[in-house]
Amino acid sequence: MKKIVLTGGGTAGHVTPNIALLPALQKAGYEITYMGSYDGIEKKLVADFNISYVGISTGKFRRYLDLRNFTDPFRVIKGFSEARKFLKSYQPDVVFSKGGFVSVPVVRAAASLGIPCIIHESDMTPGLANKLCISAAAKICCNFPETLKLLPENKAVLTGSPIRSELSQGNKLAGLDLCGFTANKPVIMVIGGSLGAANVNKAVRDALPKLLEDFQVVHICGKDKMDNLLLTTPGYKQFEYVKAELKDLFAMADLVISRAGANAICELLALKKPNILIPLPASSSRGDQILNAQSFEAQGFSIVINEDDLLTDLLVDRVHELYFTRQTYFEAMNRSGQIDSIKTIIGLLDRAVQAD
């Protein structure tokens with residue numbers, strides 16, 4: 001049996017694409033081990049999937065002044081030693097890294113042992129952790145055409161991001177029933193999220209009187225961000241978050257309003273959902289969501305509204321514009337080469353194993 005080590009962590013965005021790969025890896029005959037931090041979010045997320053988990057010491061790479069900058073290098077060195085010891089014993093055929101600070105010692109240790117590594121960069125511009133791994137990687141997968149020119153030409157592959165297959169298996173009627181919606185009025189799905197989405201939530205709620213004239217709205221607004229005054233508003237349904245039901249809500253949605261995190265927008269692309277993106281402003285991030293959104297707009301997948309321009313009338317106008325031209329966006333997404341990412345990545349992994 002072929003052996004693979006998956007790594008990536010620190011945030012859910014560095015873990016869920018790895019989880020999306022699990023069924024295809026198992027079908028392709030891989031024995032799977034996940035390597036992450038001792039108690040990070042990756043350990044919690046992987047726990048439900050009955051695969052081996054190995055924890056190592058980790059440190060964070062910060063661009064700002066912090067006392068931990070003086071101690072974390074020692075944790076990274078320890079993590080490198082722990083990763084190398086395990087990899088030398090386990091002898092995997094290949095390592096796949098989704099990024100995050102935990103991945104650096106794993107990838108560098110694998111490279112020191114001659115184990116081929118394939119890494120994946122979600123955002124338009126490579127993050128610091130992946131920058132530290134590029135020289136050790138056999139191939140570098142990415143989500144955006146613009147990223148290709150930022151990576152070594154002989155290593156970069158445009159794959160898109162692995163998306164959980166169950167998201168495409170939703171039931172529209174189940175979604176309508178869950179929300180108490182009718183089948184004869186289109187549905188907008190709003191994915192506000194929990195990080196920095198207060199302005200998006202407010203803009204959508206301010207626009208509800210006009211939006212609900214023509215649409216129904218399901219709003220995933222984030223933990224503790226429901227508006228109790230709107231709980232009985234006809235045609236408007238709020239959730240703090242959803243898990244298994246998400247696929248049904250996607251199946252029901254005609255349009256989506258979302259932040260522009262790489263994994264979120266790749267899900268919209270894979271599901272071919274016409275969308276409006278409201279990226280996190282540069283003041284709240286490193287600006288990657290702005291670049292992500294601009295790429296999707298340039299490819300014809302999305303309409304973009306900058307948060308600073310987020311006024312009620314503009315949002316309502318853009319929603320109507322998107323709805324009446326939605327077929328154009330659907331056709332652009334249908335032509336994309338970034339949809340069948342899991343098949344492409346499995347092919348890269350198999351070739352890396354065969355070449356080793």
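Strand S6 and strand S7 (residues 156-158) run parallel and are joined by 3 bridges; two strands count as paired if DSSP finds at least two bridges between them. Strands (E, at least two residues) and helices (H or I, at least four) are DSSP runs, numbered from the N terminus. The model is predicted, so local features need pLDDT of at least 70 and side-chain atom pairs count only at pLDDT 80 or more, while totals for chains, interfaces and linings use all residues. Residues are numbered from 1 along each chain as its sequence is written, and side-chain values use heavy atoms, with hydrogens and water left out.

**Strands S5, S6 and S7**

- Within the S6 pairing to S7, Cys-141 has Val-157 as its bridge partner.
- S6 (residues 139-142) also pairs with S5, in the parallel sense and over 4 bridges.
- In that pairing, His-120 is matched with Cys-141 of S6.

**Glu-121**

- Glu-121 lies in strand S5 (residues 117-121).
- Its relative accessibility is 6%, so Glu-121 counts as buried; buried means under 20% relative accessible area, exposed over 50%, and partly exposed in between (1.4 Å probe, protein chains only).
- The side chains of Glu-121 and Asn-130 are joined by a polar contact of 2.8 Å. A polar contact is a pair of N or O atoms within 3.5 Å; within protein, one must be able to donate a hydrogen and the other to accept it, and residues adjacent in sequence count only if both atoms are side-chain atoms.
- A polar atom of the Glu-121 side chain also lies 3.1 Å from the backbone nitrogen of Gly-127.
- Leaving aside residues up to four places away in sequence, Glu-121 touches Pro-126, Gly-127, Asn-130, Cys-141, Cys-142, Asn-143 and Arg-286, where contact means heavy atoms within 4.5 Å.

**The six-stranded sheet**

- An open sheet of 6 strands, with parallel pairing, has the order S10-S9-S8-S11-S12-S13.
- Strand S10 (236-239) and strand S13 (302-304) stand at the edges with a single partner strand each, so one side of each has no neighbour in the sheet.
- On average, neighbouring strands of this sheet are turned by 20° against each other, direction ignored. Axes are lines fitted to C-alpha atoms, for helices over the stretch in contact, and angles run from 0 to 180 degrees between N-to-C directions.
- Strand S8 (residues 187-191) and strand S9 (residues 216-220) run parallel and are joined by 5 bridges.
- Val-190 has His-219 in S9 as its bridge partner.
- Helix H10 (residues 288-298) packs on the sheet, where it touches strand S12 (275-277) and S13; the direction of H10 makes about 130° with that of S13.

**Helix H4**

- Of the 10 residues of helix H4 (residues 103-112), 7 are buried, so H4 is largely enclosed by the rest of the structure.
- The buried residues of H4 are Ser-103, Val-104, Pro-105, Val-106, Val-107, Ala-109 and Ala-110.
- Gly-114, just after H4, takes a positive phi of about 75°.

**The whole chain**

- The protein chain has 13 helices and 13 strands.
- Buried residues make up 51% of its 356 residues.
- The radius of gyration of the protein chain is 21 Å, which agrees with the value near 21 Å for a compact globule of 356 residues; it is taken over C-alpha atoms, and the globule rule is 2.2 Å times the number of residues to the power 0.38.
- Along the principal axes, the C-alpha atoms fill a box of roughly 65 × 45 × 40 Å.
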